[in-house]
Amino acid sequence: ALEANRKLVEGRRVRLEQDVSDTDKYGRRLRYVYVDGIFVNAELVRQGLAYAQAYPPDTKYQDHLEAMEAEARQEARGLWTK
């Protein structure tokens, strides 16, 4: 996942979108990430490199992320390789 994320964003201009919370309980900044029209969070889930984990109240795109995880599972990508 780290390498895939790097390939998607390194050296590029990114757009960050905040949901409800600014940070999580560990002080990490919570954002949705976009680069060149790609929703990076969803792309990593679609590739099977991340889980569609919900962290309420930050669930704006949860349905979409879960759909991407279902696709990754069905196609046996990444984490879901059989």
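# Charges and salt bridges in an 82-residue chain

Q: How many positive and negative side chains are there, and how far apart are the centres of the two sets?
A: There are 14 positive and 14 negative side chains, and the centres of the two sets are 4 Å apart. Lys and Arg count as positive, Asp and Glu as negative, with His and the chain ends not counted. Each charge is placed at NZ of Lys, CZ of Arg, CG of Asp or CD of Glu.

Q: What kind of model is this, and what pLDDT do local features need?
A: It's a predicted model: local features need pLDDT of at least 70, side-chain atom pairs count only at pLDDT 80 or more, and totals for chains, interfaces and linings use all residues. Residues are numbered from 1 along each chain as its sequence is written, and side-chain values use heavy atoms, leaving out hydrogens and water.

Q: OK, what's the order of elements from the N terminus?
A: They run α-β-β-β-α-α, with three helices and three strands in the chain. Those are DSSP runs numbered from the N terminus: helices are H or I with at least four residues, strands are E with at least two.

Q: Does the radius of gyration agree or disagree with a compact globule?
A: It agrees: the chain has 13 Å, and a compact globule with 82 residues would have a value near 12 Å. The radius is taken over C-alpha atoms, and the globule rule is 2.2 Å times the number of residues to the power 0.38. Along the principal axes, the C-alpha atoms fill a box of roughly 35 × 30 × 25 Å.

Q: Back to charges. How many salt bridges does the structure hold?
A: Ten. A salt bridge here is a side-chain nitrogen of Lys or Arg within 4 Å of a carboxyl oxygen of Asp or Glu.

Q: What does E17 pair with?
A: K60, with the closest N and O atoms 2.6 Å apart. That pair links distant parts of the chain, 43 residues apart: E17 is in strand 1 (residues 15–17), and K60 is in the loop between helix 2 (40–46) and helix 3 (62–74).

Q: And E17, buried or exposed?
A: Buried, because its relative accessibility is 13%. The cut-offs are under 20% relative accessible area for buried, over 50% for exposed and partly exposed in between, using a 1.4 Å probe and protein chains only.

Q: Which residue does E69 bridge to?
A: R73, at 3.5 Å between the closest N and O atoms. Both lie in helix 3, four residues apart, about one turn of the helix. E69 counts as buried at 14%, whereas R73 is partly exposed at 43%.

Q: What about E10 and R6, how far is N to O?
A: Their side chains meet in a salt bridge at 3.9 Å. E10 is exposed at 56% relative accessibility, and R6 is partly exposed at 34%.

Q: Which residues are linked in a network?
A: E43, R46, E71 and R77 are linked by salt bridges. E43 lies in helix 2 and is buried, with a relative accessible area of 17%.

Q: What does E43 touch?
A: L8 and I38, not counting residues up to four places away in sequence. Contact means heavy atoms within 4.5 Å.

Q: New topic: where is Y55?
A: Y55 sits in the loop between helix 2 and helix 3, and it's exposed at 56% relative accessibility. The C-alpha atoms of Y55 and S21 are 9.7 Å apart, with their positions 34 residues apart along the chain.
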